[in-house]
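Biologist: I'm new to this structure and would like a close look at one part of it. Could you take me through the salt bridges, and then show me a bit of what lies around them?

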Amino acid sequence: MVKHQPLQVYERQLCLSCLTGIYGCRWKRYQRSHDDSTKWECSWFLLLCCSFLLLLVWSYFWLEARNDYNEFNWLLYNRSAVWKDGTVPILTTTLTGLTYTAFLMILALCHIALGQQLNLYWIHKIVVLAILLTTITGVVSIDDFWQDEWDIVIISLQFTGPFLHIGALAAVTALGWFIAGQVLRVERSRLQVVTLVIYVSVLLVLYLVPIFISSPCIMDRSKLGPRPAVIGRRGAPMLAPEHTIMSFSKALQQKVTALEADVTISLDGVPFLMRDRTLRRTTNVDKMFPGRQDHDASFFNWTEIRSLSAGLWFLRDDPYWTVQYMSEKDRKRTANQTVCSLAELLRLAARTNRSVIFSLRRPPPQHPRHQLWVSDALKVIQRSSILPEQVMWTPDWYRKKVRAAVPLLQQTSDEKLPVAELKERGISTLTLHYSQARAQDIRQFSGSNVSVNVYPVNEPWLYSLMWCSGVQSVSSDAPHILKKVPNPIWIMSADEYGLIWITSDLISVAIVIGIFIFQNYHLIRWKMSGMRSYNPEQIMLSAVVRRPSRDVNFMKEKLIFSEINNGIGSTDELSMYTGNGLDVYARDDIMMPALHASKL
């Protein structure tokens, strides 16, 4: 009696069904295949990788650009004349696209690990292509609209570089499992060699990239300077309407050392605080003076300006999403805020013993105070009770005249000049954008007794970076956030960083070598183990493909010889294979090895 063994034993593979179903809409068992992926599907996989990596960089950009979200919205307002938070739709679409592409990437890697053929569903292809084109459009638009903001990426890498290096090294090391599975195949191909060379090259680059990482926070703790002073930029605009007495009072509650403001001259020569050229965004000028909302703010007299509300817009637009956290008392107080004059700000600073730094905007040429704007500001300073040395004078116009009129004013500049020229002009403080504040320049200025103030600094990571760089003060829209940063987020010596670098590289090398050894050992054991390691379902399902792969042919041959050795040698018994999906072999191709084996 001949003992027959079942050719197929189907097992439920829910995980595999979900993988192939979600990725390629191949839910049926017979739709799956272990054949090599076509060049077309490999191209879509590369497109998916490009979309994911580009979205990853795009997400990183917007994560670090959080420091300047208000600047971005302000630029949008200047173009559209409508205040809206433009970061919300960008962040929403970016997060959605990144999650979607990351999910598809995980599914694709699982396909590769399980030896499944890549076959991305057409709907996924459309969505991936749309995500890629949308992201490219966004990058081009930002480069045209907000080009200066790319500096935040370079600056943030000084702070996040060591951690991004370790994360990238861990990710590439983990990919070694998939690379090893593709390279250690039965037969070698040019694509496998290229894949291995690229992978090893990427690893070598990651092993050596710390040589080029330079961060101010990689320093001895003993050399860390004092905590930078925090200046309330337009008060505390996240807690109260900017440039109002309430905003400056909120800033003083956060222990700021100085108050910063933007000053404009009214039609009758009164300096008042206003950032925009018009009154439209921060007042109710459209209701009080219809038809004049687009007029320059300096063409209103002080009586008209004083009649406007400077707080209702804050409750209506909620520019920082903080109104919901305000008490009912603060909301009523906000609604009653008016435009603040320079004299009021100076009185508040004198009463609280704080310094004041302001930038002065010159009125248009047709303005009656076009030639007298500096004199108008100086008169207010001289008439106030504040000490002259507590006022930082920024405008470069008529600086000699200003120094002659009020010698004790602190002369500051927002232009990065050589130290010798700064000394010649009598400038003791530089107010620079964070993109201009390089650590070596700051040390040079500090060594020449020129203090550096950096703006805008709203995020703890940027504050920590400026602290390690040695700046004396920062101007911030968020003094309540920086108040909670008593120390730099991280700081380590060069020896400590070197130890971390070498240790992570050695661990990565050990893991990669271990992966390749394990995969090679597993492959050899799989070849030597006979049919016990084969899944009959995989063999049968691969037979429906017109051109079987090398691995499938190898498995089929082992299956035939295994059945022959177990007593199945007749033509009738072999013929039943053709009814189960093995009809891709001709009958003669099957019988010849069988006859040869029987003779032996």
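Modeller: Here is a walk through the salt bridges, with some background before and a few neighbouring features after.

Keep in mind that this is a predicted model. The protein has 600 residues, and 50% of them are buried. Its secondary structure comes to 24 helices and 9 strands. If you take the contacts between residues at least 6 apart in sequence, 68% of them join residues at least 24 apart. On the outside, the accessible surface comes to about 30,400 Å², with 61% of that belonging to carbon and sulfur atoms.

Now to the part you asked about. The structure holds 22 salt bridges, and I'll pick out a few.

Let's start with K125 and E41, whose side chains meet in a salt bridge with a distance of 3.1 Å from N to O. K125 belongs to helix α5 and E41 to helix α2 (residues 39-64), so this pair ties together parts that are 84 residues apart in sequence. Are these two partners buried or exposed? K125 has a relative accessibility of 12%, and since the cut-off for buried is under 20%, K125 counts as buried. E41, at 8%, counts as buried too.

Next up is the pair R66 and E459, with a salt bridge of 3.8 Å, again N to O. Both partners sit in loops: R66 in the one between α2 and α3 (69-80), E459 in the one between β8 (451-455) and α18 (460-469), so the pair ties together parts that are 393 residues apart in sequence. Here the two ends have different surroundings. R66 counts as exposed, at 51% relative accessibility, whereas E459 counts as buried, at 14%.

A third pair is E496 with R221, where the closest N and O atoms are 3.5 Å apart. E496 is in helix α20 (residues 494-528) while R221 is in the loop between α7 (190-208) and β1 (229-233), so parts that are 275 residues apart in sequence are tied together by this pair. E496 is partly exposed, with a relative accessible area of 35%, and R221 is partly exposed as well, at 49%.

Salt bridges can also link up into a network. In this model, one such network connects E71, R233, R234, D262, R275 and D477.

Let's go back to helix α5, the one that holds K125. That helix covers residues 122-145, and L133 lies in it too. What does L133 help to make? Together with L129, I136 and V140, L133 makes a nonpolar surface patch of about 340 Å². L133 itself is partly exposed, with a relative accessible area of 48%. So helix α5 carries a buried lysine, K125, as well as a partly exposed leucine, L133.

One last stop, this time for two helices in contact. Two packed helices are described by the angle between their axes and the distance between the axes. For helix α8 (residues 245-253) and helix α12 (residues 328-335), the axes come within 9 Å and cross at roughly 135°. That makes α8 oblique to α12. On the α8 side the contact is made by M246, S249 and K250, and on the α12 side by D330, R333 and T334.

Terms used:
Residues are numbered from 1 along each chain as its sequence is written. This is a predicted model: local features need pLDDT of at least 70, side-chain atom pairs count only at pLDDT 80 or more; totals for chains, interfaces and linings use all residues. Side-chain values use heavy atoms; hydrogens and water are left out. Helices (H or I, at least four residues) and strands (E, at least two) are DSSP runs, numbered from the N terminus. Buried means under 20% relative accessible area, exposed over 50%, partly exposed in between (1.4 Å probe, protein chains only). Contact means heavy atoms within 4.5 Å. Accessible areas come from the Shrake-Rupley method with a 1.4 Å probe; for residues, only the protein chains shown count as cover. Patches are made of residues with over 30% relative accessible area and no salt bridge: like charges are joined within 9 Å, nonpolar side chains (Val, Leu, Ile, Met, Phe, Trp, Tyr) within 5 Å. A salt bridge is a side-chain nitrogen of Lys or Arg within 4 Å of a carboxyl oxygen of Asp or Glu. Axes are lines fitted to C-alpha atoms, for helices over the stretch in contact, and angles run from 0 to 180 degrees between N-to-C directions. Angles under 35 degrees count as roughly parallel, over 145 as roughly antiparallel, 65 to 115 as roughly perpendicular and the rest as oblique.
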